[in-house]
Amino acid sequence: MERVVLVTGASGGVGLALCQRLLEEDGRIHLCIACRSVQKSEATRDLILASHPAAQVSTVEVDLGNLASVLRAAQELRCRFQRLDFVYLNAGIMPNPQVNFKALWHGLFTGKVLHMLTTAEGIMTQTDRLNGDGLQEVFTTNLFGHFILVRQLQSLLCGNEKPSRLIWTSSSNARESAFSLSDYQHAKGQESYSSSKYATDLTSVVLNRKFNNQGLYSSVVCPGLVMTNMTYRILPVFLWKLLMPIMWLIRFFAKTYTLTPYNGAEAHVWLFKQKPEYLDLLVKYHSCTTRLGRCYVEPRKMDVDEDTAEKLYQKLLELEKQILEKYSELLD
């Protein structure tokens, strides 16, 4: 039987490039693309089929920031499939990003500018807001909605003849300094994106500890700095046009400046071809490019505390319990 691959956030950027690259690797897979609306799903499916007309591509509507939508999508997927081989947890948001030009200017004179430009540490802030469930929107979309989806799809992911894989899109911006266990939704800070990605890394570590013996393996990747709609919202369009030659120049010194979605999906595709039993589960896999643009993958040890990871996981379970009670009518 063909392998079944689910990709969230598939309508553009790294998600769309990933779908196309996976079909180039194995045209026999059943690709299920998850987008926030029926219109986006159908448009994305048509785009993929235009270049891969023989591919098996289905769609599911899911808004990861809306937990009722997540539960409905999970129910639909359980009815449709007997198992899932790969779930790429790729959807994400970064609302109202702002650049701290003062910090960037300071970095020019402290020798930290390359580090700041490759990790956005100290120069990027975001303004978050509450969603319809009363939860922080970035936390819900980037992490908790995916967490609920995985938990609801557990019957399709565990106990299969071959291992199933979770592959989370994280970031080099995932930093412990932006995360607090006492404020794990990041309601009080201004680095919600970084916090949500660090929480993603922590969650992946615990999922491996709890589910590897049931045949479920979790990995995290960083696509590098990719020019997508999310990135373009950081600065006005005219500034990006002025900066693009500089961005390509920086790539000679910063290997994580992958820049294109195709390059950014390198680590995702590389993991598609690996046996999970041989992977280091405390490593994040980074998409990189050489100075001449050749793609490769670089593993880097994650800076995660396993005790903190377990405590976060328990908090996620407590929050999950509240959500399932709220939406009990959507459960089987």
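Strands β1 (residues 4-8) and β4 (residues 86-89) run parallel and are joined by three bridges. Within this pairing, L6 finds its bridge partner in V87 of β4. The model is a predicted one, so please read the details below in that light.

Both strands belong to an open sheet of eight strands with mixed pairing, in the order β3-β2-β1-β4-β7-β8-β9-β10. The edges are taken by β3 (56-61) and β10 (295-301); each has a single partner strand, so one side of each is left without a neighbour in the sheet. On average, and ignoring direction, neighbouring strands here are turned by 25° against each other.

Next come the helices that lie across this sheet.

| Helix | Strands it lies across | Angle |
|---|---|---|
| α6 | β1, β4 and β7 (164-169) | about 175° to β7 |
| α8 (residues 192-211) | β7, β8 (216-222) and β9 (283-289) | about 160° to β8 |

Helix α6 also has a helical companion. Its axis (residues 137-152) and that of α13 (residues 306-326) come within 11 Å and cross at roughly 75°. That crossing angle makes α6 roughly perpendicular to α13.

Which residues meet where α6 and α13 touch? From α6 come F139, L143, F144, F147, I148, R151 and Q152, while α13 brings Y313, L316, L317, L319, E320, I323 and L324. By character, the residues of this contact divide into 11 nonpolar, one polar and two charged.

Taken together, α6 lies across β1, β4 and β7 and is also in contact with α13.

Conventions: Residues numbered from 1 in each chain as written. Predicted model: local features only at pLDDT ≥ 70, side-chain atom pairs only at ≥ 80, totals over all residues. Heavy atoms only, no water. Axes fitted to C-alpha atoms, helices over the stretch in contact; angles between N-to-C directions. Helix = DSSP H or I, 4+ residues; strand = E, 2+ residues; numbered from the N terminus. Parallel < 35°, antiparallel > 145°, perpendicular 65-115°, else oblique. Contact = heavy atoms within 4.5 Å. Nonpolar A, V, L, I, M, F, W, Y, C, P; charged D, E, K, R; others polar. Pairing = 2+ DSSP bridges.
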